[in-house]
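Open your viewer and keep the selection tool at hand. We will go stop by stop.

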Amino acid sequence: MLNSKTKSDITMAKKIDSRIPEGPIAEKWTNYKAHQRLVNPKNKLKLDVIVVGTGLAGASAAASLAEMGFNVYNFCIQDSPRRAHSIAAQGGINAAKNYQNDGDSVYRLFYDTVKGGDYRAREANVYRLAEVSNDIIDQCVAQGVPFAREYGGMLDNRSFGGAQVSRTFYAKGQTGQQLLLGAYSSLSKEVQKGKVKLYTRYEMEDVVIIDGRARGIIAKNLVTGKLERFSANAVVIATGGYGNAYFLSTNAMGCNCTAAIQCYRKGAMMANPSYVQIHPTCIPVHGDKQSKLTLMSESLRNDGRIWVPKKLEDAKKLQKGEIQAWDIPEEDRDYYLERRYPAFGNLVPRDVASRAAKERCDKGFGVNNTGLAVFLDFSESINRLGLDAMKQRYGNLFDMYEEITDIYPGDFGKEINGVKYYKPMMIFPAIHYTMGGVWVDYELQTTIPGLFAIGECNFSDHGANRLGASALMQGLADGYFVLPYTIQNYLADQAIWPRLSTDMPEFDAAEKAVAAEIDRLMNIKGKRSVDSIHKELGHIMWEHVGMGRTKEGLEEGLKLLKDLRKEFDSNLFIPGSKEGMNVELDKAIHLRDFILMGELVAYDALHREESCGGHFREEHQTEEGEAKRDDENFFYVGCWDYQGSDEKAPELIKEPLNYEIIKVQQRNYKN
Ligand SMILES: Cc1cc2nc3c(=O)[nH]c(=O)nc-3n(C[C@H](O)[C@H](O)[C@H](O)COP(=O)(O)OP(=O)(O)OC[C@H]3O[C@@H](n4cnc5c(N)ncnc54)[C@H](O)[C@@H]3O)c2cc1C
C-alpha cells in the first residue's frame, strides 16, 4: 500500500512522512511501480510541469516527462542547457553491472553506498538507486554516450573510493560532458517536437504556492532583467548543490542555491545541511586572489599513490623548495593511506582520505610552500604500464593540471637506485559536493505538495558522505527512472484543475515580493562588492564549519555569519541598474541565499554531537582519529524548518532512520 504508514512513520514528527512503501527492501520499488497511480495519455496532454535546471537531473527529467506526454517548461541560468555544471563531472558513473566479474551486485552497490554514507542515508532510497543503476548505463549507451571500451569492444570499468570492485563507467575524464550531451540530445528531440519549451538565461526567484501546493514560479529573465510568471501543475527543482557557500570550491562559478533556499523559505524543509563533501584531490589554493578551485578526479587514485615524506626534515626542505618530490627515494615516502587502510589503500572514501591528508599536514608533513598539500604520484604505474597508458586514461586531467600549475605529471624527474621517479601532482582537500539539500520523501516530493527536488539539490541518497561516481548515478536515476513514475502519483488527480492563470493574486504577490527584494538590494548602496563579502563568507565557513568542527568554532561561526548578514544588508554595493543584464545583482541574490545556507550548515553541524562522514566534530573521534558516530542519539535525518524570517533560528524536525537489512556498525576500511 503506497500511503500506509510504517512504524517509523508513526513516530515521525510533524509534517515529515518519508512514504517508504511497505514490503521487503528488494521489492519496494517494483511494488511501488505496480501500484502507483498513473495518468492516462489524454490527461498527460493537459498537464504542465516546470523543471528548473538542465543539468543531468533536470535535462533527463524534462526529456523523460515530455516523452511521456506532459508539457514541460525547462529553465536554466546559462545560455545553453549544455553549460549546466554537470558538464564538469570527470571521473565516471557507478552501476552494478558486474561486467568485470569481480563479485559486484545490486546488493553490493547498495551496501557500499550505505556504508560509504556512514549509515546516515535512507535504506530504501539507496536500494532503489542501486537497482536502477544498470538501466542508466543501458539508456546512455542507447543514446550513443561514448563510454570507454576495452580492446574487445566491451564497456570498460575502473574503481572509485569505498568499493573493492570496478563498477565505474567512464568517458576519459569527461564523463559528465558525454552524459549531458546524451541527455541534451533527448531534450532537444522534445524541444523540436514542441513538448519542451526551453527558457535559457532565466533564473527562478520564487515558487508560487496556491492552496498549499506549488503551482508555478517567478523567474527573472537574466538578459532583460524583467520578472515573469509561469504556472504549472507541478514544479521540479534540479538546481544543483550549495558548495559555493564556501566561496572556493570545485563547483562552477554560477552554481547557487537560490531556488532551493527560496523553496525553504516557502516551507520546503532542508535536510542534513551539515553533510558537505570535501574532496581529497584538488589543486591546492595558491593565493587569495583565487576565485575557484580545480578538481583532479578521484579516478586518478586508481593509478596514483598518495604520499608525504616520512621525515619531517624532508617536508621542511620541500616547503622551502630546496628539494623536489623526485629527490625522495621510495624508502623515505609515507604512503599513508596504504599504511592506515590496507584493504582499500588509496581508494578509501573521500571523507577518510581528506581527513588523513589534513592530519599529515597538521603534523607538518605538507609538501608545498604553504604546507597544505600532499603528493599524488604516478611513478609506479608509469614504470609498470608506461606513460601512454596513463595518458589514455587521464590525458585531459594531466593536461588540465599542466595548464594550471605548469607541471606535467608524468614528466621524468630522476632515477634513484635504478627506480625512475616522475613528477607527481600536488593536491589538497577542497569543498566539492553537498549531500544535504531539500528534504524529499521516497517520491522525491518536498514538504510542499507538488514541489519535487531531484539531483544534487535534494538530500536523498548519500547519507553523510557521497561515494565517487554516485552523483551522476543519482541525478540520472532521479531524472530518467524515478521521478517519471513518482510524479504521476501526484499528478493523477491534477488533470481536473484548469490551467491556472498567472493573474491570480498569489502570482501577483510573489512577483511583487521579488521585485521589492531586488529594489532593497539595489538601494543598499554601500561600499563592499559582492565578491568581497562572499570571500569573507567562504573564510568563515572554511574556518568554522569546514573539515574539523568544534562546538566553540561553530558557535563563533554562527555569530560571524549573523554579523555578515548585517554587513550584507547595510554595506553591499551593486553597480548598474536592475534593468537589463546585471551580473552583480544576480550574484548578490545568490550571496544572500548562501549566507542563509551557511547558517543552516552551521546549525545542523552544531546540533549533531557526533562525527559521521563529511561531518567531523573534533570532540567525537576514535583514538585513531576516525569519525565516531552516536547511533543512539543521532540515527535520523535532521530536517530544518524555516521560521518566517532569515533572522530567526530554524526549527529542527527529525526523520528517524529505519534499517531493515543492513547492520549499522563502525565503518572499517582497514581490513
Ligand atoms: C569538477 C567536478 C567533477 C565531478 N565529477 C563527478 C564524477 O565523475 N562522477 C559523479 O558521479 N559526480 C561528479 N561530480 C558531481 C556531479 O557533477 C554533480 O553532483 C551533478 O552533475 C549535479 O547535477 P545536477 O543536475 O543535480 O545539477 P547541475 O548540473 O549543477 O545543474 C543545475 C542546473 O540548474 C540550473 N539552475 C540553478 N539555479 C537556478 C535557478 N535559480 N533558476 C533556473 N535555473 C537554475 C542551472 O542552470 C543548471 O542547469 C563532479 C562535480 C564537480 C564539481
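**Around the ligand**

This is a predicted model. Select helix H4 (56-68), strand S2 (71-76), strand S6 (202-210), strand S17 (425-434) and helix H14 (471-491): each supplies at least two residues of the shell around the ligand. Which of them gives the most to that shell? S6 does, with 3 residues.

Now select the whole shell. You should pick up 38 residues surrounding the ligand. The closest are Gln-78, Ser-86, Gly-91, Met-204 and Glu-456. Colour the shell by class: 18 residues are nonpolar, 17 are polar and 3 are charged.

Next, zoom in on the backbone.

- Pick Met-204. One of its polar backbone atoms is 2.7 Å from a nitrogen atom of the ligand.
- Pick Gln-90. Here a backbone N or O atom lies 3.0 Å from a ligand nitrogen atom.
- Pick Ala-238. A backbone N or O atom of this residue lies 3.4 Å from an oxygen atom of the ligand.

Switch on the surface. On its own, the ligand has 1,000 Å² of accessible area, and the protein covers 97% of that.

**Two helices that cross**

Hide the rest and keep H4 and H14. How do they meet? Their axes come within 8 Å and cross at roughly 30 degrees. The crossing of H4 past H14 is right-handed.

Show side chains along the contact. On H4, select Leu-56, Ala-57, Ser-60, Ala-61, Ser-64, Leu-65 and Met-68. They meet H14 residues, including Leu-472, Gly-475, Leu-476, Gly-479, Tyr-480 and Leu-483. Colour by class once again: this contact has 11 nonpolar residues, 5 polar ones and no charged ones.

Key: Residues are numbered from 1 along each chain as its sequence is written. This is a predicted model: local features need pLDDT of at least 70, side-chain atom pairs count only at pLDDT 80 or more; totals for chains, interfaces and linings use all residues. Side-chain values use heavy atoms; hydrogens and water are left out. A residue is near a molecule or strand if one of its heavy atoms lies within 4 Å of it. A polar contact is a pair of N or O atoms within 3.5 Å; within protein, one must be able to donate a hydrogen and the other to accept it, and residues adjacent in sequence count only if both atoms are side-chain atoms. Accessible areas come from the Shrake-Rupley method with a 1.4 Å probe; for residues, only the protein chains shown count as cover. Helices (H or I, at least four residues) and strands (E, at least two) are DSSP runs, numbered from the N terminus. Ala, Val, Leu, Ile, Met, Phe, Trp, Tyr, Cys and Pro count as nonpolar, Asp, Glu, Lys and Arg as charged, and the others, Gly among them, as polar. Axes are lines fitted to C-alpha atoms, for helices over the stretch in contact, and angles run from 0 to 180 degrees between N-to-C directions. A crossing is left-handed if the near helix is turned anticlockwise from the far one by less than a right angle, and right-handed if clockwise. Contact means heavy atoms within 4.5 Å.
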